[in-house]
Number of protein chains: 2
Amino acid sequence: MKNYSRQRETILQVLYSTDTHPTASAVYNEVRKVIPNISLGTVYRNLAALSEEGVILSLSVGDGYEHFDGNRAPHAHLHCKRCGKIYDAPLKQDILSGTAKENGFSSETTVYIVYGVCSKCRAD
Amino acid sequence: MKNYSRQRETILQVLYSTDTHPTASAVYNEVRKVIPNISLGTVYRNLAALSEEGVILSLSVGDGYEHFDGNRAPHAHLHCKRCGKIYDAPLKQDILSGTAKENGFSSETTVYIVYGVCSKCRAD
DNA sequence: TAATAAAATAGTAATCATTGCTGATTTAGG
DNA sequence: CCTAAATCAGCAATGATTACTATTTTATTA
């Protein structure tokens, strides 16, 4: 286990304790409950560092915000264009890693996104 | 075939004639060779409209720009973190559509992204 | 332990891709 | 031809993200 700063550790815990794919700003609001005077820049910097490290996933679904995800198991992101929520869907296998390798590409991270409408919104 | 404006039609042709996943700004520069006084706002608006229509794909790989893709066949995007290029890799099947359906989610568009290093950059 | 270097932080200012706005122009359908 | 709706060019505004700086914390070495 790496020796993280209190700020970085807290940010990581926030991501581990939710499945809501928060934005940097949302993470900031959560972390402030523990470290009230943390700065937004610190949140951005640590999210970038953790993402670069491969500990968390950085995800862009086209809503103007970057979303962050602590779940590193292979899974798809279902983004409802109606309500904006991002749902997780487990994947049996991470087919992309193999596809990348076949193309001479070394895969480090894979992202699966589906755009559509969730069942809840379709019911309305 | 829809009746597109000259601007929208030209933008679409630019996307159909490349596999480089251009940004809005890059599309703008190409289209200007045909329509010199087109405005950047028009490019953005039409890219959004075409994307909303499902005619093109809007893709964010985390480099700060939105990328656009005229290729609607199921394929993965291999994003090299070294050189920044986005390579296409054909997929045998669009497994995400099925995964979405299993979760009660109506799929309209699917996006596959792999982050890593391309063979060319690894050789250096 | 004390001294020093390196890394991380809080707070704030700057950036710049994207969106919004407005008045002019084009298109569609009678 | 005529009117309404759609689209446009040009430019201003927005706001998520990044950059910067002085300060604080952590790591290293003697």
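**Figure 1. Where chain A and chain B touch.** Contact here means heavy atoms within 4.5 Å. By that rule, 36 residues of chain A are in contact with 36 residues of chain B. Keep in mind that this is a predicted model, where local features need pLDDT of at least 70, side-chain atom pairs count only at pLDDT 80 or more, and totals for chains, interfaces and linings use all residues. Residues are numbered from 1 along each chain as its sequence is written, chains are lettered from A and ligands numbered from 1 in the order in which they are written, and side-chain values use heavy atoms, with hydrogens and water left out. Do the copies meet through the same surface or through different ones? They use the same surface, because 100% of the interface residues of chain A are also interface residues in chain B.

**Figure 2. What the interface is made of.** Buried area is the accessible area (1.4 Å probe) that two parts lose on being put together, summed over both. Between chain A and chain B it comes to about 2800 Å², with carbon and sulfur atoms giving 60% of that. Look for A:Phe105, A:Val114 and A:Tyr115: they supply 20% of the area that chain A buries against chain B, more than any other three residues. There are also 5 salt bridges across the interface of chain A and chain B, a salt bridge being a side-chain nitrogen of Lys or Arg within 4 Å of a carboxyl oxygen of Asp or Glu. One such salt bridge joins the side chains of A:Glu108 and B:Lys81, at 2.8 Å from N to O.

**Figure 3. The rotation axis relating the copies.** Copies are superposed by least squares on the C-alpha atoms of residues with pLDDT of at least 70 in both. Turning chain A by 180 degrees, with 0.0 Å of shift along the axis, lays it on chain B with an RMSD of 0.0 Å. The two copies are thus related as by a two-fold rotation axis. Which residue of chain A comes closest to the rotation axis? That's A:Tyr112, whose C-alpha is 2.5 Å away.

**Figure 4. Chain A and its helix 3.** Helices (H or I, at least four residues) and strands (E, at least two) are DSSP runs, numbered from the N terminus. Chain A has 5 helices and 5 strands, in the order α-α-α-β-β-β-β-α-β-α along the sequence. Zoom in on helix 3, residues 40-53: its 14 residues reach 20 Å from first C-alpha to last, close to the 20 Å expected at 1.5 Å a residue, where the expected span is 1.5 Å times one less than the number of residues. Its buried residues (under 20% relative accessible area, 1.4 Å probe, protein chains only) are A:Thr42, A:Val43, A:Asn46, A:Leu47 and A:Leu50. They sit on the same side of helix 3 of chain A because they cover an arc of only 130 degrees around the axis, judged by the directions from the helix axis to the C-beta atoms. Among the elements covering them are helix 1 (6-16), helix 2 (24-31) and strand 2 (66-69) of chain A. Just after helix 3 of chain A comes A:Gly54, with a positive phi of about 85 degrees.

**Figure 5. A histidine with a positive phi, in both chains.** Most residues other than glycine have a negative phi. A:His21 has a positive phi near 55 degrees; it sits in the loop between helix 1 and helix 2 of chain A. A:His21 is buried, with a relative accessible area of 3%. Over in chain B, B:His21 has a positive phi near 50 degrees, lies in the loop between helix 1 (6-16) and helix 2 (24-31), and is buried at 4% relative accessible area.

Notes:
Buried means under 20% relative accessible area, exposed over 50%, partly exposed in between (1.4 Å probe, protein chains only).
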